[in-house]
Each structure stands twice: as structure tokens, then as C-alpha cells.
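Thanks for making the time, everyone. I would like to walk you through one structure this morning, so please have the sequence and the model open while I talk.

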Amino acid sequence: MPLSRAGDALGPGHLDHAVLADVLGYRLAQATIPTNAIFRARIADPFGLNKLEFSLLMLVSGNAEVTPKRLSIALNVPGPNLTLLLDRLEERGQIERRRSEEDRRVQHVLLTRKGRALVGRLRGTIATMEEDLLGHLTEAERAMLFELLKKVAAHRRG
């Protein structure tokens, strides 16, 4: 690969990316290129799910008594958009909304039998997907990456 004036290899497009080397948003955007491709191949195409649907199903599977409000906050999705997403997953038979027995004003989102089966298949795919994406990193590098991304995300508002 050709070298830039600074002695570094040129990046994608045979361009010198040094001007953006220290811009987190650019680095994250570049990292989403392989992430999106692997997600599409392992989850989107075989299971017919987008990233938001996948994340919602996984969050519901890992949390008891999830409310739409809590999902809206966790996924940073406005309430009306989340309602449309929940409607779509409910139409597919993957989730159901049920009124709380303690407070009838509260609605919980639950996986249906079909949703639980889907999540089971997804869990089997996640490890392979992650290995495709992160297999070239050591365990220590993976841990560091996740810890640093967790710290960056902690500054989120809302």
C-alpha cells in the first residue's frame, strides 16, 4: 500500500486519512462499515431484522417487566417511533404487550413463544458474528475496546 507523507499507509480510497485520525466520530463511522456488513450477513438477511428490532428483542429477552418507556430511553427512540416498532414486532408474533396486574396504566413488553425461539437462534449467531468482527483482536484488546466504548457512551444525555 502507498505511504503518506507522514510515513503511514494510506487508508481506504488510497487517501491520507491523517486529518481525521483523531476524530472519534470518523473512527466510529469507519468501524461501522465492517460491523454493518457482518450484521447484514448474520442477522438482517437470515432473520429479517434491522439493528433496532434486534436490539429491542435482545433487551426484552434479558429484562423482566420491560416497559415501552424504558425501551424508548435505552434505544434512544422517540415514543411514537417505538410504538410503530412494537406494532411491527407484535404483528410478526414476536412480542406482546400486556397490562400490569399491579398498575393497569403500565404496559409490559414480553417475548412470545415465537419471539423466544427467535432470540434463542439469535444468541447462537451472536458469537459467530462477534468472532467475524473481532477475531483479529486479542481478549485484552476486546476488553479494552468495550470498556472504552462504554465510557464514551456513559456521557449520553437522557
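Let me begin at the surface of this predicted model, where Leu-24, Leu-28, Leu-145, Phe-146, Leu-149 and Val-152 form a nonpolar patch that has about 490 Å² of accessible area together. The elements giving two or more residues to this patch are helix 1, residues 24-47, and helix 6, residues 139-153. Helix 6 gives the most, with 4 residues, and Phe-146 has its place in that helix.

Now to the packing of the helices, and I will take helix 2 as my reference. Two packed helices are described by the angle between their axes and the distance between the axes. For helix 2, residues 51-62, and helix 5, residues 113-134, the axes come within 11 Å and cross at roughly 105 degrees, and these two helices are therefore roughly perpendicular to each other. On the helix 2 side the contact is made by Phe-54, Leu-57, Met-58, Ser-61 and Gly-62, which meet Leu-118, Val-119, Leu-122, Arg-123 and Ile-126 in helix 5. If we sort the residues of this contact by character, 7 are nonpolar, 2 are polar and 1 is charged.

Helix 2 also packs with helix 4, residues 79-91, at an angle of about 80 degrees and with the axes 11 Å apart, so helix 2 and helix 4 are likewise roughly perpendicular to each other. Here Leu-52, Glu-53, Leu-56 and Leu-57 in helix 2 meet Leu-82, Leu-85, Leu-86, Arg-88 and Leu-89 in helix 4, and the residues of this contact divide into 7 nonpolar, no polar and 2 charged.

Finally, a word on charged pairs. Side chains of opposite charge can pair when their charged atoms come close. How many salt bridges are there in this model? The count comes to 9 salt bridges, taking as the rule a side-chain nitrogen of Lys or Arg within 4 Å of a carboxyl oxygen of Asp or Glu. One that I would point out joins Arg-42 with Asp-132, whose closest N and O atoms are 2.8 Å apart. Because Arg-42 lies in helix 1 and Asp-132 in helix 5, this pair ties together parts that are 90 residues apart in sequence.

How values were computed: Residues numbered from 1 in each chain as written. Predicted model: local features only at pLDDT ≥ 70, side-chain atom pairs only at ≥ 80, totals over all residues. Heavy atoms only, no water. Axes fitted to C-alpha atoms, helices over the stretch in contact; angles between N-to-C directions. Parallel < 35°, antiparallel > 145°, perpendicular 65-115°, else oblique. Contact = heavy atoms within 4.5 Å. Nonpolar A, V, L, I, M, F, W, Y, C, P; charged D, E, K, R; others polar. Patch = residues over 30% accessible without salt bridge, like charges linked within 9 Å, V, L, I, M, F, W, Y side chains within 5 Å. Areas by Shrake-Rupley, 256 points an atom, 1.4 Å probe, with all protein chains shown as cover.
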